[in-house]
Amino acid sequence: MQEQHTDRSEPPRLRLDGITVRFGGLTALDSVSLDIPAGRIVGVMGPNGAGKTTLFNVICGVFPPTEGSLELDGQGFTPRPHNLTRSGVARTLQGLGLFPGLTALQNVTAGLAAGSRGGLDLLALPGAVRREARLAERSMQALEALGIGGYAASLSDTLPYGIRKKVALARALVSEPRLLLLDEPAGGLSHDDIEELASIIRTVPGDGCSVVLVEHHVDLVMDVCDRIAVLDFGRLIAEGTPAEIGADPAVADAYLGVEVA
Amino acid sequence: MTAALVLEGVSAGYGAVRVLHGIDLSVAEGSITTVVGANGAGKTTLLRTITGQLRPSAGSIRIKDGKDLTRVPVEDMVRHGVALVPEGRGVITELTVDENLRLGGLWRKDRKAADEVLTGMYELFEPLARRRKAAGHQLSGGERQMLALGRALMAAPSLLLLDEPSLGLAPKVTAQILGMLRRLRDDTGLTVLLIEQNVRSALAVADHGVVLNLGRIVASRPAAELAEDTDLRHTYLGF
Amino acid sequence: MDRFLFLTFDGLARGAVLAAFALSLVLIWRAARIVNFAQGAMAVAATYIAFTVTALTGSYWAGLAAALVAGFLIGALVERGVMRFVGNSSALNPVIAGLGLLMLIQAILGMVFGNSYRTMVTPFSSNPVEIFGITVFSSYDLFVFACIALLVGGLVLLFTKTPLGLRLRASAFAPDLARLLGVRTSRMLTLGWAMSSALGALAALLVIPTELGLNPHAADTVFVYAFTVAVIGGLDSPAGAVLGGLAVGVLLSWVSGYGGATLAPIAILLLLLAVLLVRPGGIFSMTKERTV
Amino acid sequence: MSVTKRYGFAGAAMVLLIGLTFVIPSFSSYQLATACAYLCGIAGLTLLTGAGGQLSLGQAALMAAGAYSYALTANTMADAGTEGPLLLLVPLAAAVIGAAVLGLVIGLAAGRLHGPYLAGFTMALVVALPAVTSTFSSVLGGDQGLWITVEKRPASLRGIVSNEAWQAWLAVVCSVLVLTLLANLLHGRFGRHLRAVRDNPVAAALAGINPARTKVTAFVISSAAAGMGGGLLAYTTQSAGPGAYSLVFSLFLLMAAVVGGIGSLTGAVWGAVLLVALPHLISTATSRLELSTDLAQRLDGNLAVAIFGLVLVLVVLLAPQGIQGLLVRAGRRLGQARSVSVPPQSAKSAPSPASSTPTRLSARHEPEQLPATPKGQ
Amino acid sequence: SPDEGGEAAAEDVPGITDTTVTVGTHQPLTGPAAAGYSTISPATKAYFDYVNDNGGVNGRTIEYIVKDDGYNPANTQTAVREMVLQDEVFALVGGLGTPPHSAVLDFVNDNEVPDLFVASGSPTWNQPEDYPYTYGFMVDYPTESRILATYAQEEFPDKTYCFFGQDDDFGEEFQAGLEAVLGEDGLADTQVYSTANTDVAAQISAMKEAGCEVNFLATINGFSAQAVGTAAKLGYFPQWMASSAGGDFNTLSGYLGENTNKLLQGFVSANYLPGYSDTEDEWTAKFSEINEEYNAGAPFDGNTIFGMSIGYLFVEALKEAGENPTRESLLEALESGNVTGNGHAPLGFGEDSHQGYTGAMLTRVDNGVQSYFGTPFVVTGDEVEEYTEERPAMPADGLPE
Ligand SMILES: Nc1ncnc2c1ncn2[C@@H]1O[C@H](COP(=O)(O)OP(=O)(O)OP(=O)(O)O)[C@@H](O)[C@H]1O
Ligand SMILES: Nc1ncnc2c1ncn2[C@@H]1O[C@H](COP(=O)(O)OP(=O)(O)OP(=O)(O)O)[C@@H](O)[C@H]1O
Ligand SMILES: [Mg+2]
Ligand SMILES: [Mg+2]
């Protein structure tokens, strides 16, 4: 294991400091400290039930950590789920997390909720109508950027699985986050789609956005990540470059196992 | 070698939409057959049709003893030795891990044997043993997948249908599960129809491979041969 | 102090019946994930049959048996005849179907038996016994308690200890999955309805003699209170229904005795509010559901 | 429908319905007025329950809040000597505000509840209404409720329209207004947020929508609409009392919303029409029957109730999407028949199963448990 | 004279043709209140049918529209509007219930529809200034309670008086009448019940503990029975004094079952109409006959007498209104004081009173038989006086002359 808090002039995008989460008797996270540098892609791996999703939940404020604290861009950070996008954090859910009753476009526009504060457009005045049109346009661009503009008007639960995954991604990207949390984005995707996903993820840091990627597709993680952290039983057991992690026997033992012959 | 499952000219779909077009498929007894194909190829639909959740519009589906599965109601599938691990972690979230597992063996008359198998399952899936009393909804994604698999095995099936078991599982667990499937095949003569997105591992573990594309079977060969066929892989499997 | 004890005992006696009826609602909820608004009317229909049987045979016990059998059959009939065909496109539809059945059954009862009240006999004296100068339960109350204790115990055992209970719960929570596992869900559903309806019939049979009498609307208020009770206890929890029933019974009695009968519905509303604010899924709700 | 079109449609509907009062008998005008008042309450439910997925059995209590607010304001103003349009408009505004405030209070509690728990709580609320009115009988008039001094139709109209027609005018204008505003909300940002919260509250929160606030807001809006309905009823009937806003009435509102089709506001219109017309038609028809005295006494009233119950059950069985769903489907079939030559939709758009309203109230089938839902967790 | 009204052509009068008079009523035929009241309107209808079979009133048959309102004021509003605006009834007769009828009071008076013989004991109906078209029928609650209280003071002096009543106007007005006689603190304990909760043990036990010896009841029949039954269970046997609304022996015995005779021994209640168990009474005999023939032999009880008495009173008024009755002539007929009804106490109808029966007589249960005793009483102001005049004799065949 190596020093986590390397002093740099620029604060990390996100800093986890001694995060512990307990559910009753179960310790899901055990004092995890980790930095997510700005503009980098960090992979988080670990066996099932290691606490990866729980880690995301803490970052998103779904529940507070039992112990420990968070920092976003050097500032103390007490997240609340519905304020996340306003703080520049976006997350996709393990599984899909789409709204089946909305169209693909509306699903994406929902991701822009933070920008459209409060107000009820009771009278549907021209101003509101124009703003709605602008939001729709931005969402449409997000869909088109992922090449799925053609599905905009379909109800999301009628779409093929791969497309739905992209809609979910578009909804996270549309808010132009500084920190993007992806929970198993490749789950259930076919090989082609995963390649495409990899190339999409690689473009994200171009805008200075950091990415945290939780994934069981080891190839994908090794391929796109700048750094990788490995959790086991809620503890951080390794952190380093993909090459370092690939060579770490502890990781191989806890997570990768032996390839099937 | 006899066939544990034979599909002849099976077509099926949802409402007016046809998804499967005249599928012919034969699964040899005591073998692992894998069906691979892109998203939306109709793999899940195929399993739903075999297990009677979807009625085929044409064709026949028979198991070993010649029994016509299309006439068997869903709830009698296990009684004919057919068990399914559905796509998307079919865990009954309101029940505990233990209850979920026991449910799988409930149809069997001999309690004793079922109890033994239960103990076996906990040995097989260690993480579950720790969470025996936890409600299904507390489990992590991977834990749920293990539970669904364990539950299907509790039924002591002769034909096991798996819909993307590796989804969301750590590579180590995936490897364990696939390894286990082989062991079961070898030890008990279990027949497995495996649907996988993770084509490489699937073909590595399977005896026979089938490629499904847009609801039609485009290739059906020994798995090793399929894995070698670069053209086919490029065209349909994208690697 | 005497008065306090009297009110408490009286409330417990009434609460026991509410508990039994609430239990029948819990049962249907567990079997079909439906709040059955026709439950009261179904129970009253069974009670009319019991009434007729008692009138013909002169035996309370024959009537009681008839109520249970009739309740069981009515439940099965309602499930097989109507509820099974209610699509699940919206979870509201069962509610509306229940309301439709409620009106239909009440109207038919009105046509067949008329609107007037009919007196029902009780097998035991309903005069309370005095112990140390304090009026406590009557033998009828004790009979009610015994019936309900027996039932609750039986149900708890059934659901937690038996394979049948596991099947019932599995088909309630996830019918499609349960079917794949070999559970005959359709039978389980019918059984769940039938058992619940029989229990409702028993509760009605127990409560109606203490009220104004048998009438097509005899279970209207009982249903409303019992639903509240079930919600307070947690719709999934038999134990919650019993505890909630007793609590609401005692509260009703205290409020009527000390504050005035008018205040009772307000007190119940406040109790409900208090409970749900602290535990939105009722007192005995399961551990908080993991959503992410 | 674009916003301009929506406003045009609303205007046309107003003109048409007001014109109608000139040709129909005055009792029908009264029925129109009540239907419009009910419509406000039902439309509120469509928003709350249909789009928001919150099952409320307490809509009648909120209408009652509107009616009492109207009554108290109107009587206070009348006592102070106010006359003219103010005596009409201020109490109506008070009805809306009064109900909205109660809705806020309830919503703050109810926002945390779901499915049957919310239903149970709101039911207890309606059941407690008579108790509240008798506890505060000095203000709320107890069981009999309050008499209301209402501003009758303007003198200039007295010879031209009947009192009932005037009531219908007022109700038509108010309810079309309510419906238009609700449509604006449902088709705009708020509707999107509401459906998002209904479908997946966690994902909605992560997308930046505050689920708690959205739910409470839905409650307030639905209550305000109900308040308008209550105000209109108070005006047409000149009274506000607990008996008129019973649990039975509350359940009827819900039935109307569902049977009309809870997925859309148009469904609410069918529901309101049905709520007024159906009992009337049934009782008219049954009273026509020539029966022996004995039979007549058994059937009196009961037959109408039985038929009503049967109709409800049948609608749920045969048209689970409600009347509106039925019409949409019929319309689609007609459209298909007309355009046989047109090739099926582009291959890209996936097959869409009959669009459903995913209200997860009784949690009958958690989508997660359906093997049909792929890969969801 | 009322005959002046006859000059208007019959067609101009709503609800009147050459051969028919159409009247309407709203009744709880369904819903929870149906149990207590749904048998009243069939009795009225039976009486009208009887009249129609005997030539009707001045050659016109009476068409009687009964609308079910389920005791829900909202339904009443619709039902009454339908009858007035659509069916154009001549008058409303015997609309039942205080809350339901209150909801249409303004409407019928605005529309100038005679609103006769409201079946409720609320004094509301007696407001000729504000509601010139509305007339009461039942003896009102405060009148009844004054009579009962006065009797109690004489018969059971120095006892502890208490009150048990419904938590609405019925209870309040009844209690006010009691206190007017017994004094502000004349009641040692007062308890109320709400119809939503049939368990009254809490209240009755409180009365027992307060040492109540004479209990006045402002209860409907079901709750009178609950009160008496619950008290008996507690081993508590006070003197009960009930309102006419909750003192019907037959109905009570229906609730109380086997022990009725023992429990109701000595039960006092007020009434003003012929007693249905009093087979000697000519009215009762006639009504019973009509019930057999025109009401399919429905159970003969207080509701039957009540319904037929309302029917009789209306026919009497209609006759009095002249050959070609109008709404005005109908009201004039009532104000004339010539319409007398069949009660033991006189009707209060006149220029400035629309009060129904102005007094009552007391009944007592003895060995399972409820019968009148003593003389009737009338109340003027706070004064309770004996009423000595004879009850109007029944005209031949029970048909008003
Ligand atoms: N809300 C909760 N209540 C109780 N236990 C929980 C809860 N959330 C997580 N856990 C438990 O904490 C552990 C970590 O769960 P988590 O979902 O974070 O795992 P994960 O690393 O995301 O696994 P996977 O790769 O399978 O998704 C698991 O054992 C899980 O059962
Ligand atoms: N319930 C349904 N109703 C209508 N169409 C459906 C339904 N389920 C699946 N489909 C359609 O049927 C086709 C095949 O779906 P299926 O789920 O069988 O594919 P799959 O091969 O399992 O894909 P994946 O790899 O994503 O699991 C798809 O086009 C899908 O959109
Ligand atoms: Mg996870
Ligand atoms: Mg699939």
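A cavity here is a set of grid points where a 1.4 Å probe fits but cannot get out. Keep in mind that this is a predicted model. With that rule, the protein holds 12 cavities of 30 Å³ or more, and the largest has a volume of about 180 Å³.

**The two largest cavities**

Here's how the top two stack up.

| Cavity | Volume | Lining residues by class |
|---|---|---|
| Largest | about 180 Å³ | 12 nonpolar, seven polar, one charged |
| Second largest | about 120 Å³ | seven nonpolar, three polar, five charged |

So who sits around the largest one? Its lining counts 20 residues, and the closest to the centre are Ser239(D), Ala244(D), Pro73(E), Ala74(E) and Gln77(E). Chain D supplies at least two lining residues from each of helix 2 (26–51), helix 10 (211–237) and strand 2 (239–240), and chain E does so from each of helix 3 (73–86) and helix 4 (98–110). Helix 3 of chain E has the largest share, at four residues.

The second largest cavity takes us to chain A. Of its 15 lining residues, Lys165(A), Lys166(A), Leu169(A), Pro185(A) and Leu197(A) lie nearest the centre. Helix 5 (161–173) and helix 6 (191–203) of chain A each chip in at least two, with helix 5 giving the most, five residues. Where does this cavity lie relative to domain 1 and domain 2 of chain A? Both domain 1 (1–88 + 178–261) and domain 2 (101–176) give residues to the lining, so the cavity lies between them.

**The magnesium ion**

Staying with chain A, the magnesium ion (ligand 3) is coordinated by OG1 of Thr53(A) and OE1 of Gln94(A), at 1.9 to 2.3 Å. These two come from distant parts of the chain, 41 residues apart: Thr53(A) belongs to helix 1 (52–60), while Gln94(A) is in the loop between strand 6 (89–92) and helix 3 (104–110). Thr53(A) and Gln94(A) are both buried.

**A look at Ser269(E)**

Over in chain E, Ser269(E) is part of strand 10 (268–271). Is it buried or exposed, given a relative accessible area of 2%? The cut-off for buried is under 20%, so Ser269(E) counts as buried, at 2%. Leaving out residues up to four places away in sequence, Ser269(E) touches Leu148(E), Ala242(E), Ser243(E), Gly247(E), Met361(E), Leu362(E), Thr363(E) and Gln370(E). Glu328(E), by contrast, is 59 residues from Ser269(E) in sequence and 37 Å from it in space, C-alpha to C-alpha.

Notes:
Residues numbered from 1 in each chain as written. Chains lettered and ligands numbered in written order. Predicted model: local features only at pLDDT ≥ 70, side-chain atom pairs only at ≥ 80, totals over all residues. Heavy atoms only, no water. Donors = N, O, S within 2.8 Å, 3.2 Å for Na, K, Ca; no water. Buried < 20%, exposed > 50% of the residue type's maximum accessible area, 1.4 Å probe, protein only. 1 Å grid on protein atoms, 1.4 Å probe; cavity = no way out; pocket = protein on both sides within 12 Å on 5 of 7 lines; lining within 4 Å. Points joined across faces, edges and corners; volume = space filled by probe spheres on them. Nonpolar A, V, L, I, M, F, W, Y, C, P; charged D, E, K, R; others polar. Domains from an automatic or database assignment. Contact = heavy atoms within 4.5 Å.
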